[in-house]
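Me: I'd like to learn how to read the overall build of a protein. Could you walk me through this one?

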Amino acid sequence: MLLIELLVSPLTVALIEPFVIATAVMTHTRAVLVQAVIEHDGQRYTGFGEAAALPPVTAEDQPDLLVSLARAATLLAGREFAERGLAGTELADMLRALELGPVATSAVECAVLDAGARERGVPLHRLLGSAGELCRLVTDITLPIGEPAHLAELAISYKNAGFTAFKVKVGKRRSDDSAVLQALAHAVPGAHVRLDANEGYSADDALRLLEDARAFGLIVECFEQPCPRTRFDELARVTAEGGVTIVADESCRSLADLEVIAAHRLAHAVNLKLAKLGGLETTLALGRRAKELGLGLMAGAMVETRLGLTAMAHLVTALGGVDWLDLDTAFLLAEDPFVGGYEATGPELRLIDGPGLQVALHPRG
Ligand SMILES: [Mg+2]
């Protein structure tokens, strides 16, 4: 298999409304599209990968990605591979040698593997080791930080569209967050919520918000990254005293982090993201290890298009499913630059069967 070229271009898509979390505000995606063109037996196949930045959650931003990926494109053009598989292959070694950041690495790996899967004629999840069994993929929908009345309206419209689980961004100011939860409890009674503070709280604030949520009658499925990633004492305390599943996201950026989280009981579960962990191979390994350690799994993304979400859905399929699926950001975009990948009915995503990711550029271009 010959890698003819990597095409690198900005992937900037407007959001319907600003995505506000404790540490960032986004009005457009800050991503880069990678297309890998490979040739085998005289036929060419193009695969796609999304390098999705969400600074400061990711250290890389769109301008850095354009530079590092252009360098990768120069170094990789014309390279020959014997294999199209994953662990321990030439691709993994070559990606390590490039010393790209995790966001850039994940996009190059995804594009090459998508092209490889298309050439083999198998869905990407088969290349990742799935037996071909599809699992049910039902995502939550995110409510950013904002005004209680507006978020309550949004929640009602999402509920009417079939969504039953809300990922609620909190972590800026506890009293404001509490007002939002109260408004949600009125608007969508009995709603299931997954809180995410993006490192914004002290343990005291996190524990108090959980008390409030229960008092309002909300069903809290889990609470993601309540405290700063390196505040192990605070995280361990919320995990021990919160009475709810705590999910490590920013705290879990590598296999080494995962081992620390398990050993010190910093969380009950971890959030897997391709852009954070550096691609499909590393995310698959981390997900499998987390299962061995008895930790729960969430599958998430940065603010990604249908392309990045489809890649994650294939990874979830290869893992045999996860506990919480958070693959909703394509619903938050004002337009969709891609077609295919999956078909969505309300919150349910069904992968389209066929070679690779089955994602294509939107015909309007
Ligand atoms: Mg998170």
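Me: What radius of gyration does the protein chain have, set against a compact globule?
Reply: The radius of gyration is taken over C-alpha atoms, and the globule rule is 2.2 Å times the number of residues to the power 0.38. With 365 residues, that rule gives a value near 21 Å, and the protein chain has 20 Å, which agrees. Its C-alpha trace spans about 65 × 45 × 40 Å along the principal axes. Keep in mind that this is a predicted model, where local features need pLDDT of at least 70, side-chain atom pairs count only at pLDDT 80 or more, and totals for chains, interfaces and linings use all residues. Residues are numbered from 1 along each chain as its sequence is written.

Me: What percentage of the residues is buried?
Reply: A residue is buried if 20 or more other C-beta atoms, placed from the backbone, lie within 10 Å of its own. Here, buried residues make up 52% of the 365.

Me: How is the protein chain divided into domains?
Reply: Domain bounds come from an automatic or database domain assignment. Here they give domain 1 (2–121) and domain 2 (137–361), with 23 Å between their centres, taken over C-alpha atoms.

Me: How many residues does each domain give to the contact?
Reply: Two residues are in contact if their C-beta atoms, placed from the backbone, lie within 7 Å. Domain 1 contributes 34 residues and domain 2 contributes 36.

How values were computed. A residue is buried if 20 or more other C-beta atoms lie within 10 Å of its own, exposed if 12 or fewer, and partly exposed in between; C-beta atoms are placed from the backbone.
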